[in-house]
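Please open the model in your viewer and keep a selection command at hand. The stops below each begin with something to select, followed by what is to be found there.

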Amino acid sequence: MTAVLAAAVLLLAAGCSGAGEEAPGGGKTPASAPTPTGGGTASPSGDASGAGDGKEPPPAKGSVKVVSTLTEDLKSPWGLAPLPDGDLLVSSRDEGTITRIDGESGKKSAVGSVAGVAPAGEGGLMGLAVSPAFATDRMVYAYFTTESDNRIARMMYDERKPAGQQLGAPDTILRGIPKGTIHNGGRIAFGPDKMLYAGTGETGDEELAQDKKSLGGKILRMTPDGEPVHGNPEADSVVYSYGHRNVQGLAWDSEKRLWAAEFGQNTWDELNLIRPGRNYGWPEVEGEGNKEGFVDPVAVWTTAEASPSGIAYAEGSIWMAGLRGERLWRIPLDGTKTVAEPASFLDEKYGRLRTVVAAGGDKLWLVTSETDTRGTPESGDDKVLKLEVK
């Protein structure tokens, strides 16, 4: 109730802000939880009903335990991608480098620099993903900002080469994603269909989100070669959904439904259930609008409580990392609906939280973000934490 009242005050008082992760704002489950309907053909997002997946829904109340601090002293970490052997790859947004972290000891080793990265503002080397065929193709994918655009490239990873020299030259599979000092999106992930998905931002140019010909303010779906996928809303386009402001969280639940988190402007951050071809409202709607033609979010937060970046699915819930909110949100799900109000954990204990990744079963990896120029770094920042959740 407190969050809702605070949000009401903000709705009355807020002006139009062009800020990125730092815009003020609050959070709740919408009064009428949406059950968005489909568009386009069958997809890995699953069906549109609110039915469960045949399993018992998670309990209304959960818990988070920090099992260990895996590693420390990372500089502007952004993307995190597990390797098949349990080790982790982490990107440095501002340094343009990739580091390997031993999944047991936390020992760090340099993989290499990504050629062409031009860090500025919220841009730089962001999302990482490991090819579903990594055992044979050894490919690592990265989303990054250049002097002219944001793009997605893949690189051969050769562990036999000397440390710091293990990355091959970037092979660009998709270019022309709009870039800006804010709202560059940046999250990439391979879905259950083994296709590559990317969350992009509208760079502060709101109209791009509604322009289907632009790659800004979208969720994109492509083959590992960067080509449009059969079953996309438009056969010749990688655009999967539109009307987004700045998507930095992508995750699939146990029924292969796609969920995404994005920044609001000065009132509501959002968790959305993604359907192909659907319009998620920005800039016409922020939060729950109940307007024909737009999909309402499943849950919303004031930006002061969230400013979400990465999300992960584990133990029947979506887990959402908050930057400005400096907390980890749990959103328990029964199918496409929430079981209970979202609850927060680790409030202001570790500072800004950038990325959360499922680590199998009840375990998560959580990456802090205090060295990204917007935090207040302390000794050891930034860190990768191992969590046990339920």
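Begin with the largest cavity, which in this predicted model has a volume of about 40 Å³. To display its walls, select G243, R245, E262, F263, G264, E270, Y280, W282, V285 and E286, which together line the cavity. Colouring that selection by residue class gives four nonpolar, two polar and four charged residues.

Keep W282 on screen, since it is one of the residues lining this cavity, and add P283 to the selection. The peptide bond that joins W282 and P283 is cis, with omega at about 0°. P283 belongs to the loop that runs between β16 (268-273) and β17 (299-302).

A second cis peptide bond can be displayed by selecting D381 and D382, where omega is near 0°. The loop that holds D382 lies between β24 (363-368) and β25 (384-389).

Next, move to the largest pocket, in which about 720 Å³ of space lies. Its lining comprises 29 residues, and a convenient selection for centring the view is P82, A189, F190, W252 and V357, the ones that lie nearest the pocket's centre. For the surrounding framework, show β2 (77-82), β6 (125-130), β10 (188-190), β14 (247-252), β18 (308-314) and β23 (353-358), each of which gives two or more residues to the lining of this pocket. When the lining is coloured by class, 21 residues are nonpolar, six are polar and two are charged.

From β2, step back to S76, which is found in the loop between β1 (64-71) and β2. A backbone plot would place S76 at a phi near 45°, which is a positive value in a residue that is not glycine. Is S76 buried or exposed? Its relative accessibility is 3%, so S76 counts as buried.

Then select L346, which sits in the loop between β22 (343-345) and β23. Here too the residue is not a glycine, and yet L346 has a positive phi of about 60°. L346 counts as buried because its relative accessibility is 11%, below the 20% cut-off for that class.

For the next stop, select T338, which is found in strand β21 (residues 337-338). With a relative accessible area of 18%, T338 is buried. Which residues are in contact with T338, once its neighbours within four places in sequence are left aside? They are T29, V298, I331, P332 and L333. Of this list, V298 repays a distance label: T338 and V298 are 40 residues apart in sequence, while their C-alpha atoms are 7.5 Å apart in space.

Now turn to G112, which lies in strand β5 (residues 108-113). G112 is buried, its relative accessible area being 6%. Leaving aside neighbours within four places in sequence, extend the selection to G96, T97, I98, G164 and L167, with which G112 is in contact. A C-alpha to C-alpha label drawn from G112 to T97 reads 5.7 Å, although the two residues are 15 places apart in sequence.

The following selection is S214, whose place is in the loop between β11 (196-199) and β12 (218-222). Relative accessibility at S214 is 9%, so this residue counts as buried. Show the side chain of S214 together with the backbone of G216, and label the 3.0 Å between a polar atom of that side chain and the backbone nitrogen of G216. Beyond its neighbours within four places in sequence, S214 is in contact with P178, L208 and V239.

Finally, recolour the whole protein by pLDDT, for which the mean is 90, with 87% of the residues reaching 70 or more. Select residues 1-26, where the pLDDT is below 50; this stretch nevertheless has 61 contacts in the model beyond near neighbours in sequence. Residues 32-43 are likewise below 50 in pLDDT, and this stretch has 26 contacts in the model beyond near neighbours in sequence.

Technical notes
Residues are numbered from 1 along each chain as its sequence is written. This is a predicted model: local features need pLDDT of at least 70, side-chain atom pairs count only at pLDDT 80 or more; totals for chains, interfaces and linings use all residues. Side-chain values use heavy atoms; hydrogens and water are left out. Helices (H or I, at least four residues) and strands (E, at least two) are DSSP runs, numbered from the N terminus. Buried means under 20% relative accessible area, exposed over 50%, partly exposed in between (1.4 Å probe, protein chains only). A polar contact is a pair of N or O atoms within 3.5 Å; within protein, one must be able to donate a hydrogen and the other to accept it, and residues adjacent in sequence count only if both atoms are side-chain atoms. Contact means heavy atoms within 4.5 Å. On a 1 Å grid over the protein atoms alone, a cavity is a set of points where a 1.4 Å probe fits but cannot get out, and a pocket is an open set with protein on both sides within 12 Å along at least five of seven lines; lining residues have an atom within 4 Å of a point. Grid points are joined across faces, edges and corners, and a volume is the space filled by probe spheres set on the points. Ala, Val, Leu, Ile, Met, Phe, Trp, Tyr, Cys and Pro count as nonpolar, Asp, Glu, Lys and Arg as charged, and the others, Gly among them, as polar. pLDDT is the predictor's confidence in each residue, from 0 to 100.
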